[in-house]
Amino acid sequence: MADASLEFRILEDPPARLDKALSRDVPEAASLSRTRLARLMEEGAVRINGTVAENPKAKVAEGDLVQIVLAAATESHILPQEIALEIVYEDDALIVINKPSGMVVHPAPGTPDGTLVNALMHHCGASLSGVGGVARPGIVHRIDKDTSGLLVVAKSDVAHHGLAAQFEKHTVERHYRALVYGIPDASDPRLRGTKGVSFEQGGVMKIQTQLARHKHDRQRQAVFFDGGRHAVTRARVVASFGTPECLSLVDCWLETGRTHQIRVHMAHAGHGLVGDPVYGGRRKLSEKAFGAGAVAAVKGFDRQALHAASLGFEHPVSGEMLRFEAELPEDMAALIQAVEGEV
C-alpha cells in the first residue's frame with residue numbers, strides 16, 4: 001500500500017496551539033485522532049506552509065496550508081492464525097463476529113496467541129487498511145473470554161473512529177441474555193433497599209454505580225459509590241424457572257460498557273450469574289424445585305451463563321442502521337432446557 005497525503009487549510013480563529021488547531025480542522029473523513037496527529041508530528045510527517053512542524057505548541061494562523069504524509073500501514077507484530085470464525089457480517093469497513101466462549105479477544109501476556117485478533121489477522125489479510133497506522137483489526141469493545149456472542153471489529157481508521165464515537169456516546173445497542181439466581185422483582189424489599197438499584201416502568205431493574213478494581217483482588221471489579229467509573233445496567237426478566245421459582249433468564253442491556261459490568265452489577269443486586277466463578281458463587285439449588293437433572297446441569301455449568309445476543313449500531317461509513325442477533329450457544333440452550341424440565 002502506497003503512502004498517501006492530506007492537504008487542508010487552518011480555518012478562522014484557530015486555537016493557540018498547533019495540535020489543537022489540527023485536531024479541530026483536520027477533515028473528518030481522514031479520521032485522525034489527536035493521538036495519531038501527535039505521533040505524525042513526532043515523525044516529521046506534518047508540514048505547515050511547506051515547513052516541517054514538530055512542536056505541538058507552535059502557533060498557526062488562519063489560511064495556513066497543512067500537509068500531512070500518511071505512511072502506508074506498517075505490519076503488526078500480532079501473529080495471523082488460521083482459526084475458525086463465525087462471521088455474521090463483513091464489508092470493507094468492519095466485521096461482526098459471533099465469538100464462542102473460551103476465546104480471548106486480544107493477545108495479552110498470559111494469552112499471546114489463539115485469540116480473536118490472531119484469527120482476524122489471518123482472515124482479513126490485505127483487507128485491513130490500517131488502524132492507527134498499523135495493519136491490524138480495530139477493537140472498539142470486548143466481551144469476556146468465557147462470554148459468548150456478538151462483537152464488531154473495525155478494519156480501517158475511519159470505521160474505528162466512527163464506531164468508537166458511538167460507543168462513547170452510548171448509542172450502540174447491546175443486549176445480553178444471562179441465567180441468574182433468583183428473580184429480580186420490583187416488589188422485593190431487599191432489592192428496594194439495595195443502594196444503586198431502582199426500578200423503571202415495565203419492571204425494568206436499573207443498576208447504577210461506580211466500578212473499579214477490587215481493593216484486594218486486582219483481577220476482579222467491584223462496586224463503589226465514590227470513585228471508579230460510572231456504570232449503568234438495565235435488566236428485565238424474560239423467563240423464570242423452578243417450583244418455587246429460583247432461577248431466571250434475564251435480558252440485560254448496557255448504557256455503559258465497563259469490564260465485567262453485567263457480572264458485577266447482577267451480583268451486587270443479589271442475582272449472580274449461574275456458573276460465574278468470580279462473582280456468581282455456587283449456590284445450592286433444591287431438587288424439590290428442579291429435580292436432580294436440572295440441579296446437576298446448573299452445578300456442572302463451567303462458565304458464566306452470559307451471551308451477547310444482539311448488537312445494533314450505525315454503519316460508520318454508509319450511515320445505514322445495522323442490527324444483528326445471535327441465538328444462544330449450545331451449552332446455554334441445553335442449560336435452559338434442563339431447568340425448564342425438558343431433558
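This passage describes the fold, charge pairs, nonpolar cores and backbone geometry of a predicted protein model. Local features were accepted only at pLDDT of at least 70 and side-chain atom pairs only at pLDDT 80 or more, whereas totals for chains, interfaces and linings use all residues. Residues are numbered from 1 along each chain as its sequence is written, and side-chain values rest on heavy atoms, with hydrogens and water left out.

The protein contains nine helices and 18 strands; these elements are DSSP runs (helices H or I, at least four residues; strands E, at least two), numbered from the N terminus. Its C-alpha trace spans about 80 × 45 × 40 Å along the principal axes. Of the 343 residues, 46% are buried, where buried denotes under 20% relative accessible area, exposed over 50%, and partly exposed the range in between (1.4 Å probe, protein chains only). The protein exposes about 17,100 Å², 48% of which is supplied by carbon and sulfur atoms; accessible areas were obtained by the Shrake-Rupley method with a 1.4 Å probe, and for residues only the protein chains shown count as cover. Contacts (heavy atoms within 4.5 Å) were also examined by sequence separation: among those between residues at least 6 apart in sequence, 64% join residues at least 24 apart.

The protein carries 38 positive and 43 negative charges, and the mean positions of the two sets are 9 Å apart. In this count Lys and Arg are positive and Asp and Glu negative, with His and the chain ends not counted; each charge is placed at NZ of Lys, CZ of Arg, CG of Asp or CD of Glu. Side chains of opposite charge can pair when their charged atoms come close. A search of the whole structure returned twelve salt bridges, each defined as a side-chain nitrogen of Lys or Arg within 4 Å of a carboxyl oxygen of Asp or Glu.

One of these bridges links Asp 25 with Arg 24, with the closest N and O atoms 2.7 Å apart. Asp 25 is buried at 9% relative accessibility, whereas Arg 24 is partly exposed at 37%. In another bridge, the side chains of Arg 190 and Asp 188 meet at 3.8 Å, N to O, and Arg 190 is partly exposed with a relative accessible area of 38%. A further bridge joins Asp 331 to Arg 303 at 2.8 Å, N to O. Because Asp 331 lies in helix α9 (residues 330-340) and Arg 303 in the loop between α8 (292-300) and β17 (306-314), this pair ties together parts that are 28 residues apart in sequence. Arg 303 is buried, at 3% relative accessible area, while Asp 331 is partly exposed, at 29%. In addition, Asp 144, Arg 263 and Asp 276 are linked in a network of salt bridges.

Nonpolar cores were identified as sets of buried Ala, Val, Leu, Ile, Met, Phe, Trp, Tyr and Cys residues joined through side-chain atoms within 4.5 Å. The largest core has 32 residues, of which Tyr 176, Met 205 and Met 266 touch the most other members. Helix α3 (residues 116-124) provides the largest share of this core, five residues. Apart from this core lies another, of 20 residues, among them Leu 37, Met 41, Val 66 and Leu 70. Beyond its neighbours within four places in sequence, Tyr 176 is in contact with residues including Ile 143, Thr 147, Val 250, Ile 262 and Leu 306.

Helix α6 is mostly covered, with six of its eight residues buried: Gln 261, Ile 262, Arg 263, Val 264, His 265 and Met 266. The elements that cover these buried residues include β11 (173-181), β13 (204-213), β14 (221-224), β15, β16 and β17. Gly 270, which follows α6, has a positive phi near 85 degrees.

Most residues other than glycine have a negative phi, and most peptide bonds are trans. His 260, in the loop between β16 and α6 (261-268), has a positive phi of about 60 degrees although it is not a glycine; His 260 is buried, at 17% relative accessible area. Asn 49, also not a glycine, has a positive phi of about 55 degrees. Asn 49 is located in the loop between β2 (46-48) and β3 (51-52) and is partly exposed, at 48%. The peptide bond from Thr 243 to Pro 244 is cis, with omega near 5 degrees, and Pro 244 is placed in the loop between β15 (229-241) and β16 (247-254).
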